[in-house]
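Notebook open, coffee poured. I want to go through the ligand site and then the domain layout.

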Amino acid sequence: MNKLIYLLVLFAMLDTSAQKFPGLALTPPLGWNSWNTFQTNINEKLVMEIADKMVSSGMKDAGYSYLVLDDGWMAKERDVNGNLVADPLKFPNGMKAVADYVHAKGLKFGLYNCAGTKTCAGYPGTRGYEYNDARWYAKNEVDFLKYDWCNTEGINAKEAYATMSNAIKTAGREMLFSLCEWGDNQPWLWGKEIGHMWRISGDIYNCFDCIKDHGTWKSWGVTYIIDLHKNIRQYSGPGHWNDFDMMEVGHGLNVNESRAHFSMWCMLASPLIAGNDIRGMDNQVQKILTDKDMIAINQDKRGVQAFLYQQKDSVDIWIKPLSNENVAVCFLNRSQNPVPVNYNWQLNPVADSVSKLNIDFSKELYKISDVWQKRSAGNTKKIFKGVVKPHDVIVLKLEGEK
Ligand code: GLA
């Protein structure tokens, strides 16, 4: 018996593979993150108001469970023991009190740090403190860690993220681990065992299709991020998602653009992390963010990212295979003009090598519902006719007539 225990312990010590918590993020995570709107201007009062609003707006009921504080929550220096310190002016009651408030609302709490020596905004980074910091997060009851990639000269991305993943596992509190290294080192090739989601791009910018030049770096409009990587959808799936970045819905985009942006993040099975100031959002933005039918497409258990089926007249047709051999189809209008759609299902069979979904609409009948209009759109026997508004979408859900 003793020998058996000895062998088991030895085996555990020799097992150096990364050890992310399994069973988390089996569907794409939903939440809110402070960065897009507030940058480092965050504090305890803001967190409490956001947590309250996540509940009162219906976001929590719609599935948004993580409230994540991004860069700027720390004091500029660690304490004498090397521990992280929450900024005492922004968080006068410490971070555990903040986590307690968020948890009492039935939400989960997330924090941000960075694999480098300093965070992107210049606060203490985790390099060399991985196990220490993971213990600190566990002690403060953190449920989600976003781990960035600034100031990482000379270190290997896979090793750095694996080390932090192991540190979290060792600290013993279940945490969702969000890799944020902007896709520079192809995390989709090695991140599956290490984390639950990985950014595939640099930072999003709150425009539909522009590129924002900041001098030494650029940030990217919604369509740019959609277009960036065409061949990585096979790496995304239950427990490990391609992350298209925090959303700009209701933050500088008009209503059509917000709806298109949200719909595409749902189609792409991206984590849905809102980035707007939800305290002041209008009814239209609230309706977009909490649309149960669109979120159901994002949360479909099959966990397959949509693919680009066709591009015609500035309208993209994206198809997302769903459970029970159903599909979601999104017509995305990239132009500034309304575009009519005349779509003959019979002439457009679906064959997806990733999900192995094959549909020949001339042999199989599907009923169609218009997801945003909340009405039936007939079935696949007849031609679908509609008009896609500028920078907007039509999303259809097709269910097989069994
Ligand atoms: C990087 C990340 C952003 C945000 C900032 C914070 O740019 O990609 O999402 O976390 O750092 O400084």
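**Ligand site**

I started with the neighbours: the ligand has 13 residues around it, and the nearest are Asp-70, Asp-71, Lys-146, Asp-148 and Asp-203. Note to self: this is a predicted model, and every distance below is computed from it.

Next I looked up the polar contacts, which I count within 3.5 Å. For Asp-203, I find a side-chain N or O atom 2.5 Å from an oxygen atom of the ligand. Asp-70 also puts a side-chain N or O atom by a ligand oxygen, at 2.6 Å. For Asp-148, the gap between a polar side-chain atom and an oxygen atom of the ligand reads 2.8 Å. How much of the ligand's accessible area does the protein cover? I get 94% of the 310 Å² that the ligand has on its own.

I then sorted the shell by residue class. Seven of its residues are nonpolar and six are charged, with no polar ones. As for where the ligand sits, I traced it to the largest pocket.

**Domains**

Zooming out, I noted two domains: domain 1 spans 3-298 and domain 2 spans 307-400. Their C-alpha centres are 31 Å apart. How many residues does each domain bring to the contact? I have 26 from domain 1 and 24 from domain 2.

Notes:
Residues numbered from 1 in each chain as written. Predicted model: local features only at pLDDT ≥ 70, side-chain atom pairs only at ≥ 80, totals over all residues. Heavy atoms only, no water. Near = heavy atom within 4 Å. Polar contact = N/O pair within 3.5 Å; in protein donor to acceptor, adjacent residues only side chain to side chain. Areas by Shrake-Rupley, 256 points an atom, 1.4 Å probe, with all protein chains shown as cover. 1 Å grid on protein atoms, 1.4 Å probe; cavity = no way out; pocket = protein on both sides within 12 Å on 5 of 7 lines; lining within 4 Å. Sits in = over half its atoms within 2 Å of the grid points. Nonpolar A, V, L, I, M, F, W, Y, C, P; charged D, E, K, R; others polar. Domains from an automatic or database assignment. Contact = heavy atoms within 4.5 Å.
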